[in-house]
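Dear colleague,

Please find the structure below, with its sequence. My notes on what was found follow it.

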There are 2 protein chains.
Amino acid sequence: MRPPWRRRRAGAALLLGLLAAGATLGIARAVKGRRASPLIDGERLASFSSLPPPSPPADPVAARRVALGRSLFADPRVSKNGDVSCTRCHALDAWGADGKRVSRGSDDREPPRNTPSIYNVGGFFALLWDGRQTDLTAQAREVLLSPRTMATTPERLAQTLSAVPSYSDAFTHAFPGEKEPVSFDNAARALAAYEETLVTRGRWDRFLEGEPSALTDQEKAGFNRFVEVGCVACHFGPNVGATMFQKVGLVKAWPNTRDRGRYEITKRDSDWMVFRVPPLRNVARTAPYFHDGSIASLPEAIRMMAHHQIGRDLEEDDVTLIAAWLGSLTGDPSP
Amino acid sequence: MRPPWRRRRAGAALLLGLLAAGATLGIARAVKGRRASPLIDGERLASFSSLPPPSPPADPVAARRVALGRSLFADPRVSKNGDVSCTRCHALDAWGADGKRVSRGSDDREPPRNTPSIYNVGGFFALLWDGRQTDLTAQAREVLLSPRTMATTPERLAQTLSAVPSYSDAFTHAFPGEKEPVSFDNAARALAAYEETLVTRGRWDRFLEGEPSALTDQEKAGFNRFVEVGCVACHFGPNVGATMFQKVGLVKAWPNTRDRGRYEITKRDSDWMVFRVPPLRNVARTAPYFHDGSIASLPEAIRMMAHHQIGRDLEEDDVTLIAAWLGSLTGDPSP
């Protein structure tokens, strides 16, 4: 059988095209009947999925661990000088980020990269711009210790929290049976347990779960352009990214190579300018963009991605449509 | 700093463009000075690397294991009816494949997919079209047992090989100190050890190692088009592929969904039509193409990939250039 793009070159293009589309939809519907939508080919949706709501804690201990993590996340006492909480940079009412080019940590020091959102991190294949952590607990330990963020030490943290009676109780109940429940490692575990619950579901999820009217026609058209332009090669999955690494400046060199991504860690040529593909949920609310926070406008970020990653200079109409669809990825923070 | 694509819209485009190119080349050269080439931007090469020649066996036992694997690889007695050797489908003088749409196994049965080349498999992130194996020994076991290929059983294989005095000796020396050296598992281990040595190096490797004249200007232009068109998003690394999974029909649905790739194994929507990105070394010599072996012509395979994966209908000049570069990926089988 000749492929459709060949057939389209011959006559009878429209009829065959319709037949092919019908067949595709039929097959796709068999796989994912719940996603029928008149404007979007069902097969295109196979690369995406909705986010499940965070599962309720498995048992009372797990629930206490999450509750403890929630308290710690908002508490500046976890930092060296008692002035930097996780929420300072991961503002829960601002989609988990802080809107700054780069954040400010202890002693006003700047971490080297833009702060990524804390929402939905439980589903990422790797954490941070260079993906150097894959485990939320290890990640929490790193941030607590890093001189540019919390800048504390395991001993100082345990000492500070032990002196707070309510924490003493909370750790004991969250880590029952342990001899020294108030510890640096347990604080990191509780933070990780809490972070797993930070999920934003929104209209995109409702659409994927079978509610075609959850997206406007413009947003649906934007999704189609997102796929057709080729963005989907890297941005797919439940978080529309965060499933793989990719080189930034794949087709046209990235304008700024001060930060060389994974190369900074591995020193391997093949990691030159390679970063984790960022997730795009809530992207309309988490400017500025890119690892250096250098771009404040979403349309500009879209244009740059198309130019540098795909080698295409998009028409403004396409930028508008894609931005509209990305807006539908904004979700409501989990309660 | 505004990115170059923005600057190019303002005046003084040529001068700034040249400056930017110079800066990029300068940085790239600092990373990979050995790769200076007047026609190819050094940074574009960072995603690729040459294949190291197979390392000589670490010790006499390893050498004997490789030699035993070499014998087994060419011996039809490893199959149920004594008529199907590994070389039947992985012809070593035909770049490790057999040129058929699908091969023929025991009792003339057809495996479900086109036979991929056996060369360079030691460097792949996963094996087979759907990446279901990641270990060469496990893969050898699967092929020996599969009813559509060798169709043997562990017992039959051990019995057959034990009856051959030279094998009896060879296994004893390759697996010294073992009580029953002639075994199914050891046969698979020896095959895997041999397969690790099957490396094809060629002009592309010499080019990457600092010999600019190893490629013609047409091939260099073809490499640039390969990057600019966007093929490099999936085909990179030492094997120009075999580093990741990707959906076939990413932008325009694949014409044939009889074989649904990893979905056949996982039944997950997100694996619908997802296959391992095939390596492109020796691609000019290993037609026919794709998991179903449906396309015999390399230019046609290039056109289809651009259309279905990237949504671009390539000019014939680009197809010719890209095919020329792919030809430079042909290597010489290791001795």
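In what follows, pLDDT is the predictor's confidence in each residue, on a scale from 0 to 100. The model is a predicted one, and chain A has an average pLDDT of 89, with 88% of its residues scoring at least 70. The exception to note is the stretch covering residues 1–35 of chain A, where the pLDDT is below 50. That stretch nevertheless has 48 contacts in the model beyond near neighbours in sequence. For the model as a whole, the scores are ipTM 0.70 and pTM 0.80.

Overall composition of chain A

Chain A has 13 helices and 4 strands. It consists of 335 residues, and 53% of them count as buried. Among the contacts in chain A with a separation of 6 or more, 64% are between residues 24 or more positions apart. The accessible surface of the chain is about 14300 Å², and carbon and sulfur atoms contribute 55% of it.

Cysteines

Over all chains, the structure holds 0 disulfides. Cys86(B), for instance, is in no disulfide, and the nearest cysteine sulfur, in Cys89(B), is 8.7 Å away. Cys86(B) has a relative accessibility of 11% and therefore counts as buried, the cut-off being under 20%.

A second case involves both chains. The sulfur of Cys234(B) has its closest cysteine sulfur in Cys234(A), at 7.0 Å. That is too far for a bond, because a disulfide requires the two sulfur atoms to be within 2.5 Å. Cys234(B) also counts as buried, at 12% relative accessibility.

Backbone geometry

Most residues other than glycine have a negative phi, and most peptide bonds are trans. The following places in the model are therefore worth listing against that background.

- Ala287(A) and Pro288(A) are joined by a cis peptide bond, with omega about -5°. Pro288(A) sits in the loop that runs between strand E3 (274–276) and helix H12 (298–310) of chain A.
- In chain B, a cis peptide bond joins Ala287(B) and Pro288(B), and omega is about -5°. The loop that holds Pro288(B) is the one between strand E3 (274–276) and helix H12 (298–310) of chain B.
- Val240(A) has a positive phi, near 55°, although it is a residue other than glycine. Its place is the loop between helix H10 (217–229) and strand E2 (245–247) of chain A. With a relative accessible area of 0%, Val240(A) is buried.
- Lys267(B), likewise a residue other than glycine, has a positive phi near 60°. Lys267(B) belongs to the loop between helix H11 (263–266) and E3 of chain B.

A buried serine in a loop

Where in chain A does Ser328(A) lie? Its position is in the loop between helix H13 (316–327) and strand E4 (331–333). Ser328(A) counts as buried, at 1% relative accessibility. What is Ser328(A) in contact with, leaving aside its neighbours within four places in sequence? The contacts are Arg203(A), Trp204(A), Leu215(A) and Glu219(A).

With kind regards

Key. Residues are numbered from 1 along each chain as its sequence is written. Chains are lettered from A and ligands numbered from 1 in the order in which they are written. This is a predicted model: local features need pLDDT of at least 70, side-chain atom pairs count only at pLDDT 80 or more; totals for chains, interfaces and linings use all residues. Side-chain values use heavy atoms; hydrogens and water are left out. Contact means heavy atoms within 4.5 Å. Helices (H or I, at least four residues) and strands (E, at least two) are DSSP runs, numbered from the N terminus. Buried means under 20% relative accessible area, exposed over 50%, partly exposed in between (1.4 Å probe, protein chains only). Accessible areas come from the Shrake-Rupley method with a 1.4 Å probe; for residues, only the protein chains shown count as cover.
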